[in-house]
Amino acid sequence: MTVLLIDDDHEVLDASRQTLELEGFAVEATARPEDALDRLGPSWPGVVVTDVRMPGLDGFALLERVRAADPEVPVVLVTGHGDIAMAMRAVRGGAYDFIEKPAEPGHLVEVVRRALEHRRLVLENRSLRAQLAGGGSLEARIIGRSAAIERLRAAVAGLADAEVDVLLFGETGTGKELVARSLHDAGRRRAGNFVALNCGALPDTIIESELFGHEPGAFTGAQGRRIGKLEHADGGTLFLDEIESMPMHLQVKLLRVLQERVIERVGGNRPIPLDLRVVAATKVDLLRLAGEGKFREDLYYRLNVVTVPLPPLRERREDVPLLLRHFLDAAAARSRRPAPPVDAAALARLAAHGWPGNVRELRNVAERMALGLGDGLAGGPVTGAGGGGIEPLAEQMDRIERQLVEDALARCGGRVGETADKLGITRKTLYLKMRHHGLHRGDFAEE
């Protein structure tokens, strides 16, 4: 991010440049406003701080030229006392802010800092929207930039055309049905039906009929023939969510279907051949359930030809901004209102959240944010912060840094050198951060 300083008074220009550089800003200074225009555009990462009264192209004319290049580039006007009313009109016309000469260093730094943060958020939102709109089919549906999501997309792409049944394993809200649909849509069965059935949402008395269909008179109330989910999915994909909830007696029948690809309707005797793919999903350890006698072991091994794990959101926090922007845009479109901006403090708070409900919880958060209900987290602040539920930003960032370092150490088995390389910092810096956060290498060492 760059601060572009423009002032024809070289002493004022040098003083302002030194003030900002001492605060760590990257500064480009020029006395000629014409020199600044060539670098401006929609992707330019910076803000303009310009004097108003200059020969040739003055501050107001420069403002118009900047807004023509990109109306969201912040322009800060530096004006003398007699120009304040004029500067206020310029702010109403699109300038970001104005500063009265002589510029008080602290006020100049604060205004520039806010302007840069505003520009950073604008560019980040544009980048996220471009990724969402311009990605391929899988990138646009299975959203994220984390390594875990890259692996998931690669698995889906590799399995899409494979003629094998798939078991999806992930916590509630991680997007198991979305992945199942992606497997279907990216494969050769895309022209067939995608049929979803939640095994835990139907009572035992009707799930068999839902799966296999029935003939007239098969049971009380069966007045006509009914095509079941399995038969309806012929030529396509059957998605069985919460497979662990399927009654034991139906697990036997499902095993036969998976082995022989043949069904019989309830009350019927005619075998009906099927050509379908079965994608099952679970949030529990099916092998453990089999050991407890609550799930058929032979069905587990039949389903477990290929298992695809779905990462929880807490293990891919870097994807929160991208997912949030996707859900905010969708929610805003449904409610016919503009998507609200998300500032750095809100993103930090969301990144620090544990996300027990995973992506589904984040989608609900975005719905509440789109309705103007704060940062959307239900139940108040994530931690017991004062000040109306808002922690100081430094404390939030400190907590987030501790979590990131802790997670990286855990993934690397406590190996400091490897962890430092993964985080892109030196070993000395990592040791200092571990000491600051009270983390000890032995706590993460592999057994």
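In the predicted model, Glu 215 is buried, with a relative accessible area of 15%. Glu 215 lies in the loop between helix H9, which covers 204-212, and helix H10, which covers 229-232. The side chain of Glu 215 is joined to that of Arg 265 by a polar contact of 2.8 Å. This loop position therefore falls under the 20% limit for burial, and its side chain has a polar partner in Arg 265.

A second glutamate, Glu 361, is placed in helix H16, a helix of residues 358-370. At a relative accessibility of 18%, Glu 361 also counts as buried, because burial is assigned under 20%. When residues up to four places away in sequence are not counted, Glu 361 touches His 353, Trp 355 and Pro 356. With one of these, His 353, the side chain of Glu 361 forms a polar contact of 2.7 Å. Thr 172 stands 189 residues from Glu 361 in sequence, while the C-alpha atoms of the two residues are 9.8 Å apart in space.

Strand S11 was examined next, together with its sheet. The sheet is open and consists of five strands in the order S7-S8-S11-S6-S12, with parallel pairing. Its edges are formed by strand S7 (194-198) and strand S12 (307-309), each of which pairs on one side only. On average, neighbouring strands of this sheet are turned by 20° against each other, direction ignored.

Within this sheet, strand S8 (residues 237-241) and strand S11 (residues 277-282) run parallel and are joined by four bridges. Along this pairing, Thr 237 stands opposite Arg 277 of S11, and Phe 239 stands opposite Val 279 of S11. Strand S6, made up of residues 166-169, likewise pairs with S11 in the parallel sense, over four bridges. Here the bridge partner of Phe 169 in S11 is Thr 282. S11 is mostly covered, with six of its six residues buried. Arg 277, Val 279 and Ala 281 point one way from the strand, whereas Val 278, Ala 280 and Thr 282 point the other way; all of them are buried. Burial in S11 thus extends to residues pointing either way from the strand.

Another open sheet of five strands, with parallel pairing, has the order S2-S1-S3-S4-S5. Strand S2 (26-30) and strand S5 (97-100) stand at the edges and have a single partner strand each, so one side of each is left without a neighbour in the sheet. From one strand to the next, the twist averages 20°. Strand S1 (residues 2-6) runs parallel to S3 and is joined to S3 by five bridges. In this pairing, Ile 6 has Thr 50 of S3 as its bridge partner. Helix H4 (residues 84-92) packs on the sheet, where it touches strand S4 (75-79) and S5. The direction of H4 makes about 165° with that of S5.

Strand S3 (residues 46-51) also contains Asp 51. An unreviewed UniProt entry places the feature "modified residue: 4-aspartylphosphate" at Asp 51. With a relative accessible area of 5%, Asp 51 is buried. Leaving aside neighbours within four places in sequence, Asp 51 is in contact with Ile 6, Asp 7, Asp 8, Gly 59, Val 78 and Lys 101. One of these contacts, Ile 6, is the residue whose bridge partner in S3 is Thr 50.

The cysteines were considered last. A disulfide is a covalent bond between the sulfur atoms of two cysteines. With a limit of 2.5 Å between cysteine sulfur atoms, the count of disulfides comes to zero. Cys 199 counts as buried at 2% relative accessibility, and Cys 412 counts as buried at 5% relative accessibility.

Notes. Residues numbered from 1 in each chain as written. Predicted model: local features only at pLDDT ≥ 70, side-chain atom pairs only at ≥ 80, totals over all residues. Heavy atoms only, no water. UniProt positions renumbered as here; feature names shortened; annotations may be inferred. Helix = DSSP H or I, 4+ residues; strand = E, 2+ residues; numbered from the N terminus. Buried < 20%, exposed > 50% of the residue type's maximum accessible area, 1.4 Å probe, protein only. Contact = heavy atoms within 4.5 Å. Pairing = 2+ DSSP bridges. Axes fitted to C-alpha atoms, helices over the stretch in contact; angles between N-to-C directions. Polar contact = N/O pair within 3.5 Å; in protein donor to acceptor, adjacent residues only side chain to side chain.
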